[in-house]
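Biologist: Could you take one part of this model and walk me through it closely? I'd like the surroundings too, and a word on how far to trust the prediction.

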Amino acid sequence: QQQQQQQAQQQAAAQQQPHHSSTIVAQQLQDLHALHAKLGDEAVTTCLHRSWGSPAFLPTVISILGTHSRWPNLTFDETLLVTKFVGMGFPEDESIRVLSSVSGDQGKALEKLEASHPPASRAPASPSGPTPSCATPTTQPAPPRASVPAKLFSQSSYLAAYQRTAPPEQGYELLAKVHRLCCLFAAAKVRDEAADVRSRAAAAADRFFNDLQRQLDSRSGHLADVGTAATRIWSSAVTLRLGPPGDLIGEYEFAQMLNEVLRGDRASELLDCAVVVARAINRHCVQGTYTGWPDGPLGIGNRQSDKKDTTFRGGALRRDLIDWFAPGKKYRTNMFVASSFRRAAAEKFECRAGASVDKDPVRWVFKFEHERCLHVNFLRPGAESTCTNELEFLLTPGSVLVVESVQRSSSLHDAPHEIRVRVSPDNALEPLDLPVAPWC
């Protein structure tokens, strides 16, 4: 009789199990539908593609989309990591703050979380992450305020290298330093990788350099003018791709590479190569004859722009740095600063609101004294520039700028922050002991 009772209980439980499972699935599909209505096709499709094949597929997708709905300023990769950390029992808001503090490094973030939350103090781990919810917090967690070193331009390694370096006179001198810069940069990026990855990076640097050389046409006289050769290499859209197949470590255009080295400002052979290239670019930018000037809507040819004596730059700025650019502050730049005659061209470079955990979209507006700036010049499409539609006005490293105004956006999805700066006419007349900007 006891055995019969146990069999009856097992049969009853078996009959209830499908109903229980179908109820769970129905609830999950309802949650997914609600998230789809809120986030749209692109977010859901991306999540389904990236999560395909994972254990507990549907709960995982819902958890990731739930995180994305609560923290829309995270990139998708950051959302995946935060969801993973929460699934391991760590608090969601702290996971975001820690991930921001280590610039998205998963290993370092996990070490910090594990150190501050022993296993006994964590929430029960869940393979599918937190309970999904469409509720969005009223405020995003503020990233930790980074200390900005009070560095003066007179103390910079760039200035020391620039003062002892002669500008290249021949094209082959420039190309030799460009090649060395590519090789050293690639090697530095994969220094801690396996031997085969380092070997592939060296080969990639050689291919990248060859692609850069193809931007120079000797029949058009590009190599005869070192300044033109350097600006064409600067403006090239070809990229250096580093990392093993299927696991990209980084992708860099030459301009990104050069500016990263200049911003790093570490005395080294790498910086010395970058300074030679900067010297070459400056042969075009530091002069008395302009190849173009923003003359406003009534300008003709290379002098037509949206606004007279004004150019525009789009990009991203770390959220904790915006206070550094206080109205009235005079500073020197730590890299080449490109801006455009056209506002629409600059807008293409503004980061999407919510695309980064610690950066906001920003628009820079540069105001010049009419044809009185000695360290800027226009890169003519097809001549000094390989790009056809950027209409680039290029300022040299060490340019002196004064902040005129900072307009913080109340809705970054509608408009970026805007920083207006006045450009000094002559860097040589300005003191060297001005602070170096942490960014533009």
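Modeller: Sure, I'll start with the whole chain, settle on helix 5, and then visit a few other spots.

Keep in mind that this is a predicted model. Average pLDDT for the protein is 83, and 80% of the residues score at least 70. The stretch to be wary of is residues 127-147, where pLDDT drops below 50. Even so, that stretch makes 52 contacts in the model beyond near neighbours in sequence. As for the overall make-up, there are 13 helices and ten strands, and 45% of the 440 residues are buried. If you take contacts between residues at least 6 apart in sequence, 73% of them join residues at least 24 apart.

Now for helix 5, which covers residues 92-101. Seven of its ten residues are buried, so the rest of the structure largely encloses this helix. The buried ones are Glu92, Glu94, Ser95, Ile96, Val98, Leu99 and Ser100. You'll notice that two glutamates and two serines are in that list. The cover over these buried residues includes helix 3 (57-70), helix 4 and helix 6 (106-116).

Let's look at the helix 4 side of that. Helix 4 spans residues 76-87, and its axis comes within 9 Å of the axis of helix 5. The two cross at roughly 130°, which makes them oblique to each other, as the cut-off for roughly antiparallel is over 145 degrees. The crossing of helix 4 and helix 5 is right-handed. On the helix 4 side, the residues that meet helix 5 are Glu78, Leu81, Val82, Phe85 and Val86. Their partners in helix 5 are Glu92, Ser95, Ile96 and Leu99. The spacing fits a simple rule: an α-helix has 3.6 residues a turn, so residues three or four places apart point the same way. Glu92, Ser95, Ile96 and Leu99 also turn up among the buried residues of helix 5.

Carry on along the chain and you reach Val102, in the loop between helix 5 and helix 6. Val102 has 13% relative accessibility, so it counts as buried, the limit being under 20%. Leaving aside neighbours within four places in sequence, Val102 touches Lys108, Ala109 and Lys112. From Val102 to Lys112 is ten residues in sequence and 9.4 Å in space, C-alpha to C-alpha.

Two other loop residues deserve a look for their backbone. Asp265 has phi near 55°, a positive value in a residue that isn't glycine. You'll find Asp265 in the loop between helix 11 (254-264) and helix 12 (269-285), and at 10% relative accessibility it is buried. Asp309 has a positive phi too, at about 55°, and again it is not a glycine. This aspartate sits in the loop between helix 12 and strand 3 (310-318), and its relative accessible area of 8% makes it buried.

Last stop, a pair of strands. Strand 1 (residues 239-242) runs antiparallel to strand 2, and four bridges pair them. Leu242 stands opposite Gly250 in strand 2. Side chains alternate along strand 2, which covers residues 250-253. Gly250 and Tyr252 are buried and point to one face, whereas Glu251 and Glu253 point to the other face and are not buried.

Definitions and conventions: Residues are numbered from 1 along each chain as its sequence is written. Side-chain values use heavy atoms; hydrogens and water are left out. Buried means under 20% relative accessible area, exposed over 50%, partly exposed in between (1.4 Å probe, protein chains only). Two strands pair if DSSP finds at least two bridges between them. pLDDT is the predictor's confidence in each residue, from 0 to 100. Contact means heavy atoms within 4.5 Å. Axes are lines fitted to C-alpha atoms, for helices over the stretch in contact, and angles run from 0 to 180 degrees between N-to-C directions. Angles under 35 degrees count as roughly parallel, over 145 as roughly antiparallel, 65 to 115 as roughly perpendicular and the rest as oblique. A crossing is left-handed if the near helix is turned anticlockwise from the far one by less than a right angle, and right-handed if clockwise.
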